[in-house]
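Reader: I am new to this structure. Please pick one part, look at it closely, and build the picture outward from there.

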Amino acid sequence: MYHPPVAGNASTGVETHPLMPGPHPDAHAEPAAFAPAPAVAQAGRAAVAPAPVPPVDRLGRSIRDLRVSVTDRCNFRCRYCMPREVFGRDFQFLPRAELLTFEEIARLAGIFVDLGVRKLRLTGGEPLVRRDLHLLVALLAQIPGDPDIALTTNGSLLAAQVDRLRDAGLRRVTVSLDSLDDDVFMAMNDAAVPVSRVLDAAAAAGLSPVKLNMVVKRGVNEASILPMADFARERGHVLRYIEYMDVGNTNGWRMTDVVPAGEIVAAVDAVHPLEPLAPLYPGEVANRWRYRDGAGEIGVIASVTRPFCRGCTRARLSAEGQLYTCLFGTEGHDLRAPLRSPATDEELDAVVRRIWHGRDDRYSELRTLVTLDRPKVEMSHIGG
Ligand code: SAM
Ligand code: SF4
Ligand code: SF4
């Protein structure tokens, strides 16, 4: 076991585009589609004992991705995520003492890698507002099994930190950018941050290919769909369009605000013809499309109109150590208490296994034309 060294839908009724017929390729994947954890994650154990079997949940899904939120704070106030009237001056963010330390995060991440996780993604809130994030990346990079380490960021603070992050072992970065038009972008981020600050970061990243995430909201940034496609084609970035989701309870989501993925693909296809790409791995969230002229690809994350719960292999760890097994979860499972009790690695392993075995989440498959009426964790608390 790794010990870090101590360091400083179905019923949405939305029509799909002919390019997107039928359900998501993963929608009905059989449990057998999930391979056990690669031998490399178990290296070192096999000689003394049979490798432990990776846990599988009640719908036959294994655990492959861990998203780690390192803070619930952010320097943006995107209307669809942290509306200023809710996340204003008086909002009580987590006190520092509540946050997991980098060493605690790395220890938990090592346990998840032993359980089959292959990708660790740092997110937030805005992960780069947490000081010295590169020290966490360096700890994660020492986890045996060589997990893929990635970061999702709004990009505004990236240029100053990218060299240290890359040197520490960061492999990939996804930059969120909803428009190239300053007026539209600033209306969306509600923090007066211009597009140029994010673009500088994307250019400086030197981690290629940089992925761009664009949330599309009806009547707000639809006109940016094509300019963003053109921009990403020219720069060699991989663009992912994201359907606006009903995460949390504060963004006032309505189905009529969603631009269905089929409509987005049709808009791009009309100008730059596309053809579908096969999923790279079971549980891939984005539907991918290649430009027929060879100028790269786009993806669409259609969690509203084409739910992919059956292939969902993601767990999410909040900044204070709550484990969520669904983006739309109501409550997390406390890992910080056992971590600080202090539990042994074997005990923590057993806690996570028990949680995962009991998992039966499939919120997006159950959502209808309206968001389900129940309390949900905010996106800024557990990341995207
Ligand atoms: N602050 C970082 C950022 O914006 O990239 C990381 C955290 S943010 C919660 C992760 C992703 O979730 C971003 O790409 C963001 O656009 C997306 N997101 C936030 N709220 C969303 C919503 N209501 N629907 C769809 N995507 C959303
Ligand atoms: Fe901040 Fe990211 Fe949420 Fe925007 S989407 S408010 S940048 S956490
Ligand atoms: Fe996974 Fe929950 Fe999203 Fe379904 S709704 S894909 S279970 S996170």
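Author: Twelve names would be a lot to hold, so start with the list itself. Around ligand 3 sit S303, F308, C309, C312, R314, C326, L327, F328, D361, R362, Y363 and S364 (a residue counts if its C-beta atom, placed from the backbone, lies within 6 Å). Seven of this shell are nonpolar, two polar and three charged (nonpolar: Ala, Val, Leu, Ile, Met, Phe, Trp, Tyr, Cys, Pro; charged: Asp, Glu, Lys, Arg; polar: the others, Gly among them).

The model is predicted; local features need pLDDT of at least 70, side-chain atom pairs 80 or more, while totals for chains, interfaces and linings use all residues. Residues are numbered from 1 along each chain as written, with chains lettered from A and ligands numbered from 1 in written order.

Now ligand 1. Its shell has 21 residues, and C81, S176, N213, M245 and G384 are the closest. Two or more residues come from each of β3 (148-153), β5 (211-216) and α11 (379-382) (DSSP runs numbered from the N terminus: helices H or I, at least four residues; strands E, at least two). Nine of the shell are nonpolar, eleven polar and one charged.

The loop between α2 (133-140) and β3 holds D146. D146 is not a glycine, yet its phi is positive, about 50 degrees. D146 is partly exposed, because it has 14 C-beta neighbours inside 10 Å (buried is 20 or more, exposed 12 or fewer, partly exposed in between; C-beta atoms are placed from the backbone).
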